[in-house]
Amino acid sequence: MVVLSPELQHRLRSPLYIGTVALHSRVLQSPLSGVTDLVFRRLVRRYAPDSMMYTEMVSASELHHVRKLPKLMEVDPQERPISIQLFDCRPDFLAEAARMAVAEGADTVDINMGCPVNKITKNGGGSSLLRQPAIAEEIVRSVVAAVEVPVTVKTRIGWSDGEINAVEFGRRMEDAGAQMLTLHGRTREQGYNGAARWEWIGRVKAALSIPVIANGDIFSVESAVRCLEETGADGVMCSRGTLGYPFLVGEIDHFLKTGEYRQPPTPAERLLCAREHLQMLWEYKGDRGIRQARKHMTWYTKGFEGAAELRSRLCQIESADEGYRLLDGAIAQLQATGDRAVVALA
Ligand SMILES: Cc1cc2nc3c(=O)[nH]c(=O)nc-3n(C[C@H](O)[C@H](O)[C@H](O)COP(=O)(O)O)c2cc1C
């Protein structure tokens, strides 16, 4: 348990402005490839209606060549605030893609400069831009010139321990016209391993005038509060903590606004949410949705006593009905045992 200090509550009371866009929550849902589609965002937003959410990252080159809006970029007209995240190394393609993003309804356009995946970095995108700050700057300038909405950047603290350049890089992004910087406190070399180094986020926050959002290892109300206190950041962005737990952003937001903990979902409620997630994915994407649902289902059933068998069967489902049967059985057992355990499956 943690107590919200009056200083922190005061600091976070006012809306957060990304240029002209006012956010009424200091907790953001990160872009997650293969996860933060329209369905997932709808679930997160149910518990965190004010939070900024991001699409999965979209390749500007692919948009240029295919010239058809991918499902990845689909935005529900009611979901606000929403940012579309793009990646690439070509300033002209990114400018063009940003215009398409705005036409689709993006409130802000975010440029990915943090992705560590080889396929992306070897083509000059994602975190490789940390080593090409002049190109990164050109990208931001070109996108800012192309659209009316605020342009933001999400990046890491550096390429490797020997090349940590977050402060200098952040300054250059700000000078080029970025209106917010989200900083994942790991290097590219770290991938997702080791602790996020929030001290670097604090240094970048102290050096910039635009809002800085802290990202990395925000898994609970406690970690969010500690991170905001240690870094002085303007907000926090949740990532892996939301896998199988779309309640997290709302729980932190509620605490920061009220100083009180929101009642966490019971195991049965989590499985009910999993069931709804499965149904929405099936309705939205058909068979592809079922394949994607498998990983979500395993995340939802993590940490449950006696759920190993349920988990292993859920990650092999071939149809929505098969998933509903498994989940309904488990929910009924949880309800019968006072939410204690999923002991056996029929
Ligand atoms: C499965 C997965 C997909 C991700 N996809 C994206 C993405 O599309 N765009 C992006 O900027 N970051 C992406 N990230 C990075 C996260 O947004 C975040 O920066 C990182 O996970 C650190 O936060 P955490 O320690 O709280 O997980 C992804 C991370 C994971 C685990």
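This report describes the surroundings of the ligand and the domain arrangement in a predicted model.

The protein is divided into two parts, domain 1 covering residues 6-258 and domain 2 covering residues 267-336. Taken over C-alpha atoms, the centres of domain 1 and domain 2 are separated by 29 Å, and the contact between them draws 16 residues from domain 1 and 15 residues from domain 2.

The ligand sits in the largest pocket, with 17 residues around it, among which S33, Q85, K154, N215 and R240 come nearest. By residue class, the shell around the ligand divides into five nonpolar, eight polar and four charged residues.

Polar contacts between side chains and the ligand are listed below, each given as the distance from a polar side-chain atom (N or O) to an oxygen atom of the ligand.

| Residue | Ligand atom | Distance |
|---|---|---|
| S30 | oxygen | 3.3 Å |
| N112 | oxygen | 3.1 Å |
| N215 | oxygen | 2.5 Å |

N215 thus appears both among the residues that come nearest to the ligand and in the table, where a polar atom of the N215 side chain lies 2.5 Å from a ligand oxygen. As for the cover that the protein provides, the ligand taken alone exposes 610 Å², and the protein buries 89% of that area.

Methods
Residues numbered from 1 in each chain as written. Predicted model: local features only at pLDDT ≥ 70, side-chain atom pairs only at ≥ 80, totals over all residues. Heavy atoms only, no water. Near = heavy atom within 4 Å. Polar contact = N/O pair within 3.5 Å; in protein donor to acceptor, adjacent residues only side chain to side chain. Areas by Shrake-Rupley, 256 points an atom, 1.4 Å probe, with all protein chains shown as cover. 1 Å grid on protein atoms, 1.4 Å probe; cavity = no way out; pocket = protein on both sides within 12 Å on 5 of 7 lines; lining within 4 Å. Sits in = over half its atoms within 2 Å of the grid points. Nonpolar A, V, L, I, M, F, W, Y, C, P; charged D, E, K, R; others polar. Domains from an automatic or database assignment. Contact = heavy atoms within 4.5 Å.
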